[in-house]
Amino acid sequence: MSSPRREGVLAIADWDADGAVAAAVLLYAQKYEGVYPIKKRIEIDLKPSEPYSAFKDLNNTSCYDYLVILDIPIISISQDALREYKKICRETKIIYVDHHLSTHRELHKLTDLIDEPLVGYVPTSKILYDKILLEGAKKNPRLEMFVSTIYFMDQGLTVPVELRNIMRLLASISKYMAHKKDYSLWIRVVEWLAPRYIHSYLDPEALNKIYAFSKEIDQELKEIANELAISSQKLGLFRYIDARNKWRRKGASALASALYRIFKTPTIVVVSDPHDREMILVIIKYPGRAYKIAKILEEKNLAKSIGGHPSLAIIKTSNNDLGTLLNTLRNIRSI
């Protein structure tokens, strides 16, 4: 088995706003500044993807000079997929930029495969933006606005007034892409985010499509969250909602965030695992502390896996362990 040789850079990035902004940062650094990862100005190839398909599709990926993976968490198939890719594409340098909890946990297994790991606890776009400045890229105020807005949103901080419109746009992009997986529009968004011109505009048709869909999703989510909020229970520090009979789709983390906005207190939502009937997902929304709580559950052998971000953790566990897990959470007094 062999893959065709391709000069240049391929970036595989998550569909969401952080992935798109990170892709724009790389596009700016390579195409317009010519500083990273190759020291000359060249076009790069961009590909949006979900975690599973990102690794699964490596079998059909050309051997570039650089493969840059952006905002894609390391999951169970990552090691085998990357090892197979490196076996075929021995000269390809792999750069991994991410902030997901599973990537922190599993990165040590991939040290012989990844040439440059850039893994931190701030959004992927900020990790990469700080990196390209160190590599000699000029600061760009327009791009910094997008990076800063993602940072505030990710960390659960109040977004400054002057960035609220950008926040609304980026949140709408994430919602639209999560459902539609619109490849051509994602590419247009990334190219628009990359600041070739200070005054650059996304065409009205694209904006209207994104905002209209986001409004529809927000209304639906609000109605479901309000309905579920009535059935919430007090569980120690938390509000607890069992949504297994009400939510049978992707996007449960958005549901947890919507409920958190209603309660304004740490929130736990339980949903069924869409991929495994024997498992459930326990989603904890607690800005700045969710990861610490997930680690407590892991140490007590109540988590089969944990993922998400420092402010929103996703714990995969079995139905049989739910009672013990909830009792553990009930007894947490402070973090």
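This is a short walk through a sheet and the helices that pack around it, in a model that is predicted.

Okay, let's start with the sheet. There are 5 strands, and they form an open sheet with parallel pairing. Reading across, the order is β2-β1-β3-β4-β5. At the edges you'll find β2, residues 45-49, and β5, residues 116-119, each pairing on one side only. From one strand to the next, the twist averages 15 degrees.

Now look at the β5 end. β4 covers residues 93-98, and its parallel pairing with β5 runs over 4 bridges. If you want a spot to click on, D98 stands opposite V119 in β5.

On to the helices. α1, residues 17-33, packs on the sheet and touches β1 (9-14), β2 and β3 (66-70). Its direction makes about 160 degrees with that of β1. Then there's α5, residues 124-134, lying across β3, β4 and β5. Relative to β4, α5 runs at about 125 degrees.

So which helix does α1 cross at roughly 55 degrees? That's α8, residues 183-193, and the two axes come within 8 Å. Because of that angle, α1 counts as oblique to α8. The crossing of the pair is right-handed.

And who's actually meeting there? From α1 we have G19, A20, V21, A23, A24 and L27, and on the α8 side W186, V190, E191 and L193. Split by type, the residues of that α1 and α8 contact come out as 8 nonpolar, 1 polar and 1 charged.

That's my tour, thanks!

Conventions
Residues numbered from 1 in each chain as written. Predicted model: local features only at pLDDT ≥ 70, side-chain atom pairs only at ≥ 80, totals over all residues. Heavy atoms only, no water. Pairing = 2+ DSSP bridges. Helix = DSSP H or I, 4+ residues; strand = E, 2+ residues; numbered from the N terminus. Axes fitted to C-alpha atoms, helices over the stretch in contact; angles between N-to-C directions. Contact = heavy atoms within 4.5 Å. Parallel < 35°, antiparallel > 145°, perpendicular 65-115°, else oblique. Left-handed = near helix turned anticlockwise from the far one by under 90°. Nonpolar A, V, L, I, M, F, W, Y, C, P; charged D, E, K, R; others polar.
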